[in-house]
Protein chains: 2
Amino acid sequence: MNITVQQYELVYNSLSFGIAAMGAATLFLWLSRNMVNAAYRTAVTISGIVTVIAFYHYLRIFESWHAAYTVVNDTITATGVKFNDAYRYVDWLLTVPLLLIELILVMKLSAAETNSKGLKLGSLAAIMILLGYPGEVAADNTTRWIFWGLSMLPFLVIVADLFGGLKKAIDNQPESVRGLISNARFLTVASWCFYPVVFVLPMLGMSGGAATAAVQVGYTIADVVSKAVFGIFIYAIAVRKSAAEAAE
Amino acid sequence: MNITVQQYELVYNSLSFGIAAMGAATLFLWLSRNMVNAAYRTAVTISGIVTVIAFYHYLRIFESWHAAYTVVNDTITATGVKFNDAYRYVDWLLTVPLLLIELILVMKLSAAETNSKGLKLGSLAAIMILLGYPGEVAADNTTRWIFWGLSMLPFLVIVADLFGGLKKAIDNQPESVRGLISNARFLTVASWCFYPVVFVLPMLGMSGGAATAAVQVGYTIADVVSKAVFGIFIYAIAVRKSAAEAAE
């Protein structure tokens with residue numbers, strides 16, 4: 001693969017940005033969890049668990065990227081050590097179900113509804129990730145498209161559930177947070193839409209170093225939005241709900 | 001031993017998954033321990049001790065795996081440095097007795113019963129691990145089968161005790177948690193059954209890289225279920241019991 005020094009450095013710096021953003025979000029969330037009522041602390045704790053898992057994987061991805069190339073005197077050489085794509089999928093397998101569970105927990109539904117929604121959306125999210133991986137590592141575009149399509153099925157069920165199934169639950173939330181929860185839901189869907197788009201870039205004619213750089217930078221931006229920014233949203237919802245409960 | 005690049009990478013990524021899962025579970029359990037009544041905090045703390053011990057060993061196993069092979073330009077070569085199997089047994093020697101103690105502690109039996117059950121099940125678990133190790137490192141199948149059989153004896157006594165001896169204690173638990181404690185007991189036995197099955201794979205004709213990969217991935221899945229998922233179960237039981245006590 002021909003990658004330029006500029007493309008290499010762009011990915012390198014994006015990955016370091018990922019480490020910093022995930023680490024900072026984790027510390028903020030855990031330091032702030034006592035600012036919200038006990039009922040919302042688990043949601044905030046899990047938001048920090050998601051970002052710390054991502055923090056670990058960004059450290060690993062960064063090291064793997066660093067090991068795959070050497071740049072000396074503005075000349076880039078592949079070392080022969082393979083850049084490990086699988087870290088992202090291992091990360092998503094753990095974090096994507098937890099992201100949906102954060103959203104469900106901060107809504108404080110009944111215990112039965114929390115369990116059933118958490119199990120349903122969490123399982124669908126795990127299946128979505130597992131179906132994506134064989135496509136990501138496939139060399140030919142046909143296989144990539146097949147698994148992309150398969151992975152989109154649970155994705156669409158999750159989107160339908162967030163906008164259909166959760167609508168009634170959102171209408172029952174205190175007025176001060178209804179907009180924020182609705183935004184968190186939009187943020188989830190919008191940031192998640194990044195992933196299938198990034199995934200198809202190499203299938204749309206992008207190739208070589210440009211495709212690699214676009215995929216790595218794209219996934220990093222999507223991860224920071226869907227995990228760190230989303231976690232701050234969850235915290236903001238928890239703060240407003242706590243304030244609304246204190247005012248009652 | 002002939003191992004393919006794919007088999008090597010599968011084990012590599014499974015071990016990294018183990019590190020992430022154990023680390024995440026540890027942080028969740030320790031951050032959440034103040035969410036339950038004081039009587040259950042030791043059970044939750046120990047659940048996190050188990051996962052942090054496993055986190056440490058997965059870091060070591062990952063490093064050992066990484067040192068045993070080099071992959072350059074999609075060609076794998078054994079470095080001659082031995083992959084250290086003993087880390088798993090050292091881990092189990094510490095964590096398996098503690099797992100049974102978690103389950104006993106969260107039941108809040110009388111002090112006398114907690115001590116006697118903890119001592120009995122904890123000792124049996126340690127003996128089970130010690131008897132397994134000479135088989136794991138043996139080259140010939142006869143020795144493997146002998147120590148497998150010997151190790152199964154304390155295992156069966158533990159299972160009998162979980163389903164016989166603990167039955168009365170479970171019937172005395174508050175109704176809201178009886179199902180969850182019974183599930184935790186099933187999860188223990190079901191996830192533990194993985195180990196003797198994984199152990200015999202090389203004795204059933206699997207060999208070379210396939211056997212190595214199956215054993216390493218199998219143990220990793222079993223460890224994540226029996227330690228991290230089990231720890232979350234213990235936490236959930238503690239939360240429900242605390243809520244039931246607050247309602248009284």
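**Exercise 1. Decide whether K227(B) is buried or exposed, and describe its pairing with D223(B).**

Step 1. K227(B) has a relative accessibility of 0% and therefore counts as buried, where buried means under 20% relative accessible area, exposed means over 50% and partly exposed lies in between (1.4 Å probe, protein chains only).

Step 2. D223(B) is buried too, with a relative accessible area of 2%.

Step 3. The side chains of these residues, D223(B) and K227(B), meet in a salt bridge at 3.2 Å from N to O, a salt bridge being a side-chain nitrogen of Lys or Arg within 4 Å of a carboxyl oxygen of Asp or Glu.

Step 4. Because D223(B) and K227(B) are four residues apart in helix α8 (residues 208-247) of chain B, about one helical turn separates them; helices (H or I, at least four residues) and strands (E, at least two) are DSSP runs, numbered from the N terminus.

Before going on, note that this is a predicted model, in which local features need pLDDT of at least 70 and side-chain atom pairs count only at pLDDT 80 or more, while totals for chains, interfaces and linings use all residues. Residues are numbered from 1 along each chain as its sequence is written, chains are lettered from A and ligands numbered from 1 in the order in which they are written, and side-chain values use heavy atoms, with hydrogens and water left out.

**Exercise 2. Describe the salt bridge of K227(A) and D223(A), and state which residues share its network.**

Step 1. In chain A, the side chains of K227(A) and D223(A) meet in a salt bridge of 3.1 Å, N to O.

Step 2. K227(A) is buried at a relative accessible area of 0%, and D223(A) counts as buried at 2%.

Step 3. K227(A) and D223(A) are four residues apart in helix α8 (residues 208-247) of chain A, so they are separated by about one helical turn.

Step 4. Salt bridges that share partners join R88(A), D91(A), D223(A) and K227(A) into one network.

**Exercise 3. Locate D161(B) and describe the helix that holds it.**

Step 1. D161(B) is found in helix α5 (residues 141-165) of chain B, and with a relative accessible area of 9% this residue is buried.

Step 2. Leaving aside residues up to four places away in sequence, D161(B) touches K117(B), K120(B), L121(B) and L166(B), where contact means heavy atoms within 4.5 Å.

Step 3. The 25 residues of α5(B), at 1.5 Å a residue, should span 36 Å, which agrees with the 35 Å between its end C-alpha atoms; the expected span is 1.5 Å times one less than the number of residues.

Step 4. The buried residues of α5(B), among them F155(B), I158(B) and D161(B), pack against α3 (86-106), α4 (111-136), α6 (167-171) and α7 (175-200) of chain B.

**Exercise 4. Describe the interface of chain A and chain B.**

Step 1. The contact takes 23 residues from chain A and 22 residues from chain B.

Step 2. About 1,700 Å² is buried between chain A and chain B, with carbon and sulfur atoms giving 64% of that area; buried area is the accessible area (1.4 Å probe) that two parts lose on being put together, summed over both.

Step 3. One salt bridge is found across the interface of chain A and chain B, and in it E9(B) pairs with K82(A), the closest N and O atoms being 3.0 Å apart.

Step 4. On the side of chain A that touches chain B, α2 (38-68) and α3 (86-106) of chain A each supply at least two residues, and α2(A) gives the largest share, eleven residues.
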